[in-house]
Amino acid sequence: RADERAREFLERYADEPFAAELRGVWLRSLADREEWRAYLEHYRPTTDAALRCEQLNARIALDADADLERDIAALWLTPEQLPPECVAPFDWLRAREALDSSLIEQRVRLLLESGQAAFARTVARELPAERAAPLLLSASLLERPKQTIDELLAARTPYEPEALLAGWAKLARNDPAAALERYADVRRLRGLDGAHASRIALALAVGLAWDRWAVARAAFADV
């Protein structure tokens, strides 16, 4: 039958460049048919997120090993949105109360660090409101840096310095004129130390220099 022919073909041509792609196609077929034992037998480590998640689904279905929680939690901490095949393993982790606020916050921060602000906001909604608030502010600083920085300057809302620096760097890169207008006020924000102030000056100086502003020299002098 087809599965036997696929197995024999992969065994014969295992070292060929096309084998990995063919194996992926076959594994997807096995997963669609919930042939979980065959899936685990022929699965090989891969960077394909869908195949990795189907491997976890297979282990869940077969109650395969005690490291399942650990391995799903490790995949959860991926700094990007994962394919639909990964929903079931994460739901399994939630059902066991193993997907706690700490893991959720870790993933949100990883997503923010990789610039995935919109999806970080989606994941942060799983947190209690008080714990989610600074993370949602961090997302806003990446999505709408000028408006969010203006809100911080007006309301003196608590913020995380690294999140402010990420938003500021984006503003200085994309709109150095707007960053220059706000430079003095941002440097005076409570919670920033000398190292933060130096990085604020550097981000502005680089943004101005790219646009060939003569005032970039003065910003570099503040670094």
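Visitor: Which helices are included in what covers the buried residues of α9?
Guide: This is a predicted model. In it, the buried residues of α9 include Ala132, Leu135 and Leu142. Contact here means heavy atoms within 4.5 Å. The cover of these buried residues includes α7 (101-113), α8 (117-124), α10 (145-155) and α11 (161-174).

Visitor: How far apart are the end C-alpha atoms of helix α9?
Guide: Helix α9 takes in residues 129-143, which makes 15 residues. At 1.5 Å a residue, the helix should span 21 Å. The model agrees, with the end C-alpha atoms apart by 20 Å.

Visitor: How many helices and strands are there in the chain?
Guide: Read the elements from the N terminus on. The run begins α-α-α and ends on α as well. The count is 14 helices and zero strands.

Visitor: What is the radius of gyration of the chain, set against the globule rule?
Guide: For 223 residues the globule rule gives 17 Å. The chain is well over that, so it is more spread out than a compact globule. Its C-alpha trace spans about 75 × 40 × 25 Å along the principal axes. The radius of gyration is 24 Å.

Visitor: What percentage of the residues of the chain count as buried?
Guide: Buried means under 20% relative accessible area. The accessible surface of the chain comes to about 12,700 Å², and 50% of that belongs to carbon and sulfur atoms. Of the 223 residues, the buried share is 40%.

Visitor: How far apart are the mean positions of the positive and negative charges?
Guide: The chain has 31 positive charges and 38 negative ones. Each set has its own mean position. The two are apart by 5 Å.

How values were computed:
Residues numbered from 1 in each chain as written. Predicted model: local features only at pLDDT ≥ 70, side-chain atom pairs only at ≥ 80, totals over all residues. Heavy atoms only, no water. Helix = DSSP H or I, 4+ residues; strand = E, 2+ residues; numbered from the N terminus. Rg over C-alpha atoms; globule rule 2.2 N^0.38 Å. Buried < 20%, exposed > 50% of the residue type's maximum accessible area, 1.4 Å probe, protein only. Areas by Shrake-Rupley, 256 points an atom, 1.4 Å probe, with all protein chains shown as cover. Lys, Arg positive; Asp, Glu negative; His and termini not counted. Charge placed at Lys NZ, Arg CZ, Asp CG, Glu CD. Expected span 1.5 Å × (residues − 1).
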